[in-house]
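Me: I want to see how structural labels are earned. Take me through them one at a time, please.

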Amino acid sequence: MLQPLRDIILVEPDPTRDDITAAGIIVKAREGIHTSAEQLGKRGTVIALGDEVDRDQLQAGDRILFGEFNYPEYFEGARRYLVLQDKDVCAVIE
């Protein structure tokens, strides 16, 4: 497992589905990925944090909402992780 440095966090993104709208309506599956939100999901679970991340705001296990950017990926077996900076986190989902 990666151990993030400084202000970096390791996030396991939620699985994404391109056949369900934000309102929960199931639509015919499309070919290809059209937006980064579909590609990255924008939500995930914090797995590990660097030593400069504010532990009063973010902890391992927190569910988060993060920005729509292309982040470095790390694979361990079949599991996919994203490497973000703490400033990429928009909110903790409670």
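Me: What makes Asp88 count as buried yet without a salt bridge?
Reply: Asp88 is buried, a label that means under 20% relative accessible area (exposed is over 50%, partly exposed in between; 1.4 Å probe, protein chains only). A salt bridge needs a side-chain nitrogen of Lys or Arg within 4 Å of a carboxyl oxygen of Asp or Glu. For Asp88, the nearest side chain of opposite charge is Lys87, 6.0 Å away. Therefore no salt bridge is counted for Asp88. As for charge, Lys and Arg count as positive, Asp and Glu as negative; His and the chain ends are not counted.

Me: What kind of model is this, and how is it numbered?
Reply: It is a predicted model: local features need pLDDT of at least 70, side-chain atom pairs count only at pLDDT 80 or more, and totals for chains, interfaces and linings use all residues. Residues are numbered from 1 along each chain as its sequence is written, and side-chain values use heavy atoms, with hydrogens and water left out.

Me: Where is Asp88, and what does Asp88 touch?
Reply: Asp88 sits in the loop between β5 (79-85) and β6 (89-93). Strands are DSSP runs of E, at least two residues; helices are runs of H or I, at least four; both are numbered from the N terminus. Not counting residues up to four places away in sequence, Asp88 touches Leu65, Phe66, Gly67 and Tyr71. Contact means heavy atoms within 4.5 Å.

Me: Why is Gly44 called buried?
Reply: Gly44 has a relative accessible area of 0%. That is under the cut-off of 20%, so Gly44 is buried. Gly44 lies in strand β2.

Me: How do you know that β2 and β3 pair?
Reply: Two strands pair if DSSP finds at least two bridges between them. β2 (residues 43-49) and β3 have three, in the antiparallel sense. Therefore they pair. One partnership joins Arg43 to Leu65 in β3. β3 also pairs with β6, antiparallel, over four bridges. There, Ile64 stands opposite Val92.

Me: Which residues are on the covered face of β3, and which on the uncovered one?
Reply: Ile64 and Phe66 are on the covered face; Arg63 and Leu65 are on the uncovered one. In a regular strand the side chains alternate between the two faces of the sheet.

Me: What makes a nonpolar core, and how many residues has the largest one?
Reply: The members must be buried Ala, Val, Leu, Ile, Met, Phe, Trp, Tyr or Cys, joined through side-chain atoms within 4.5 Å. The largest core has 12 residues, including Ile9, Ile64, Phe66 and Tyr71. β1 (8-13), β2, β3 and β5 each give two or more residues to this core.
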